[in-house]
Amino acid sequence: MGMVLLVRHGQASFGADDYDVLSETGREQSRVLGRFLAGAGVTPRAVVHGAMKRQRDTATALASAAGWDVVPSLDEGWDEFDHLAVVARAVEGVDPPADRRAFQQLFEDATGRWVGGEHDDEYDETWSGFVARVGAALDGACAGDGVTVVASSGGPIAAVCAMLVDRAGTPAELGRLWASFNTVIANSSVTRVLEGSTGRRLLTFNEHAHLPRDLVTYR
């Protein structure tokens with residue numbers, strides 16, 4: 001039996017020149033999670049992260065805080081989709097807003113266009129390609145007994161949830177589910193996937209009770 005703990009990276013640096021850097025809040029979220037998992041007796045056989053700096057640094061910080069000996073390893077299948085490219089396709093010629101609320105609405109509109117599938121020729125990675133990539137990464141994480149901790153992003157985690165909740169869903173149906181999951185995943189939250197004798201199941205979603213209220217963020 002295997003368990004995969006899908007961890008959304010700590011808060012990144014929204015509005016900075018380089019978004020792909022953990023904020024101080026993001027680093028602390030990662031450390032708090034590491035201490036929490038260690039206190040809960042979690043000893044992973046592997047810690048995996050995508051290629052983004054915010055994913056790698058989350059994995060490193062939580063593993064260090066937990067006191068685990070395992071060295072985090074890279075699996076690019078857990079990378080986030082290129083949200084900047086997806087947003088740019090929706091607002092060509094216009095700069096995205098700096099206001100968080102305005103950007104969130106734009107983000108939801110732009111990703112809705114992406115998952116719709118009617119403009120696939122405009123994207124380097126289509127929605128269906130993204131789902132296939134994440135599915136392959138999940139297969140790898142689920143291979144073997146014990147616990148695997150994966151530091152990824154909201155997009156891949158939401159895709160896993162959509163695939164497990166509606167195994168027969170069409171790309172459009174999975175896209176609607178994905179959007180619902182993706183908008184509520186907290187930074188450094190944990191989503192658990194169980195691989196057992198009855199198959200692969202979504203056990204929990206978006207656990208973040210380990211965070212004090214002032215450390216709960218969503219972007």
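Buried means under 20% relative accessible area, and partly exposed means between that value and 50%. The exercises below apply this cut-off, among others, to a predicted model.

**Exercise 1. Classify the two partners of the salt bridge between glutamate 207 and arginine 192 as buried or partly exposed, and place them in the fold.**

Solution. Begin with the distance: the closest N and O atoms of glutamate 207 and arginine 192 are 2.5 Å apart, and a salt bridge requires a side-chain nitrogen of Lys or Arg within 4 Å of a carboxyl oxygen of Asp or Glu. Next, locate the residues: glutamate 207 belongs to strand β6 and arginine 192 to strand β5, so the pair ties together parts that are 15 residues apart in sequence. Finally, compare the accessibilities with the cut-off: arginine 192 has a relative accessible area of 19% and is therefore buried, whereas glutamate 207, with 24%, is partly exposed.

**Exercise 2. Work out where β5 sits in the sheet, and which residue of β5 is the bridge partner of leucine 5.**

Solution. The sheet is open and has six strands in the order β3-β2-β4-β1-β5-β6, with mixed pairing. Its edge strands are β3 (73-74) and β6 (199-207), each of which pairs on one side only. Reading along the order places β5 between β1 and β6. Strands β1 and β5 (residues 190-196) run antiparallel and are joined by six bridges, and within β5 the bridge partner of leucine 5 is arginine 192. To complete the picture, add helix α6, which lies across β1, β4 (146-152), β5 and β6 and runs at about 135° to β6.

**Exercise 3. Describe how leucine 6 is packed and which elements supply the largest nonpolar core.**

Solution. As background, nonpolar side chains tend to be buried together in soluble globular proteins. In this model the largest nonpolar core has 38 residues, and among those with the most contacts inside it are Leu6, Trp78, Trp114 and Trp178. At least two residues of this core come from each of β1 (2-8), β2 (46-49), α3, α4 (100-116), α5 (127-142), α6 (154-165) and α7 (171-182). Leucine 6 itself touches Trp78, Val150, Ile157, Val160, Ser189, Val190, Thr191 and Val193, when residues up to four places away in sequence are not counted. A second, separate core of 15 residues includes Leu33, Ala59, Val149 and Val190.

**Exercise 4. Explain why the buried residues of helix α3 lie on the same side of α3.**

Solution. First list the residues: in α3 (residues 83-90), His83, Val86 and Val87 are buried. They cover an arc of only 95° around the axis, which puts them on the same side of α3. The general rule behind such a pattern is that an α-helix has 3.6 residues a turn, so residues three or four places apart point the same way.

**Exercise 5. Determine which parts of the chain the salt bridge between aspartate 20 and arginine 54 ties together, and whether its partners are buried or exposed.**

Solution. The side chains of aspartate 20 and arginine 54 meet with an N to O distance of 2.9 Å. Aspartate 20 lies in the loop between β1 and α1 (24-39) and arginine 54 in helix α2 (residues 53-66), so the pair ties together parts that are 34 residues apart in sequence. Both fall under the cut-off of 20%: aspartate 20 is buried at 15% relative accessibility, and arginine 54 is buried at 5%.

Terms used
Residues numbered from 1 in each chain as written. Predicted model: local features only at pLDDT ≥ 70, side-chain atom pairs only at ≥ 80, totals over all residues. Heavy atoms only, no water. Buried < 20%, exposed > 50% of the residue type's maximum accessible area, 1.4 Å probe, protein only. Helix = DSSP H or I, 4+ residues; strand = E, 2+ residues; numbered from the N terminus. Arc of directions from axis to C-beta. Core = buried A, V, L, I, M, F, W, Y, C linked by side-chain atoms within 4.5 Å. Contact = heavy atoms within 4.5 Å. Pairing = 2+ DSSP bridges. Axes fitted to C-alpha atoms, helices over the stretch in contact; angles between N-to-C directions.
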